[in-house]
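Colleague: Could we go through this structure together? I would like to begin with its helices.

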Amino acid sequence: MAEILGITIADFPFLRMKPHHMPGVVAGNIGRGWVDKPHLKDPNNWPEEMRTLWANDQGAAAGKAAQELQIEQFRKVRAALDDFQPDFIVVFFRELGETFRTFARPTYWIEAHEQVTAKLFQVFGNRENYFEEDPDREDILQGHREGAMHLIRGLQDAGFNPMYSLESMHANGLGHNALATTVHMDWDKREFKTPIVPIPVDPFGFTRVRNNEGLTAWDKNLPRPLTPREAFDLGAAIARIYKASPWRVALVAGVDWSHANDSGLEFERLHPDVAADEARFAEWKENKFTEWGDNWTFEEMEEHAQWELLVTIILAGAMTEVGAKIVHTDFQAGWLFNDDFVTTIFEVK
């Protein structure tokens, strides 16, 4: 029987940039967003936690401290991966129309690429990065087609019939959250030698448009994303398939928890829903995620800006299937940073 390692790691893109960029979503909305909501631009209308972190330097010191804490978490994840020595890493991540744009909108798909070439040190066209790497540096990220095809066939046999791709249509190889996750897993060396099998997940459903302020209207009559039960069952099936395979596989959810811009524009969210995330994290850290397929609703995800936790629920299903327990986890509230960051390392006892 093969071995399975489970991990969650923050995917926030600005973590790869200089620390003063960390509050970039809030700063961007002050400068260019919230056009019809000028009251949101005024820090006097923000909660105390945001005002304190914004301080007199527009969040620069808070951004540096938050980034340093996450770098510590990245190193813990790297140590776990080095100890485990996976044959390949399956990366679950949020994708919203980056790859296929309007050509197709699958709820998820499996990328069975031999390899992709990507520029990992440009973030949304910004050429400045934390590492002072050449922003035009191109890295070849190896895939694991055999492992991907094994998973595709296994899911077909289990009745899931997933979509898959053999070559990337993405202009930069993979979606930006997959690239962020890749860099964060190898923060210090940046060698990217371990093959990856990317599994993009669209957690918002057909036709919703997302910008720094939030999501467009939720039409419940249009195609939906995976339900929590479907996401949980998908993760369980993936774990079963790889548990019976010849490979050592790390399953990594590269995703943050609630986001300031992951609910409808009418919510006027300034920050992630820290309280809602903390309540869920209390369950998570006590390994009480085994019912996460059934105790979420789309309405709650909309209210609390937690749609992207569908990616985490996939991993919850996988870890429940193999009986894994958390050996390390950390929660960082992202009042100024758009997302709440959660790092987790699971082991099968």
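Colleague: How do α6 and α9 lie to each other, parallel or oblique?

Modeller: They are oblique to each other, a word that covers angles outside three groups: under 35 degrees (roughly parallel), over 145 (roughly antiparallel) and 65 to 115 (roughly perpendicular). The model is predicted: local features need pLDDT of at least 70, side-chain atom pairs count only at pLDDT 80 or more, and totals for chains, interfaces and linings use all residues. Residues are numbered from 1 along each chain as its sequence is written, and side-chain values use heavy atoms, leaving out hydrogens and water.

Colleague: At what angle do the axes of α6 and α9 cross?

Modeller: The axes cross at roughly 45° and come within 7 Å. They are lines fitted to C-alpha atoms over the stretch in contact, with angles from 0 to 180 degrees between N-to-C directions. Contact means heavy atoms within 4.5 Å.

Colleague: Which residues of α6 and α9 make the contact?

Modeller: Among them are Phe 232 and Arg 240 of α6, and Ile 313 and Glu 321 of α9.

Colleague: How many residues of α6 are buried?

Modeller: In α6, 12 of the 16 residues are buried, so the helix is largely enclosed by the rest of the structure. Buried means under 20% relative accessible area, exposed over 50%, and partly exposed in between, with a 1.4 Å probe and protein chains only.

Colleague: Changing topic, where does Phe 124 lie?

Modeller: Phe 124 lies in the loop between β4 and β5, and its phi is near 55°, a positive value in a residue other than glycine.

Colleague: Is Phe 124 buried or exposed?

Modeller: Phe 124 is exposed, at 56% relative accessible area.

Methods
Helices (H or I, at least four residues) and strands (E, at least two) are DSSP runs, numbered from the N terminus.
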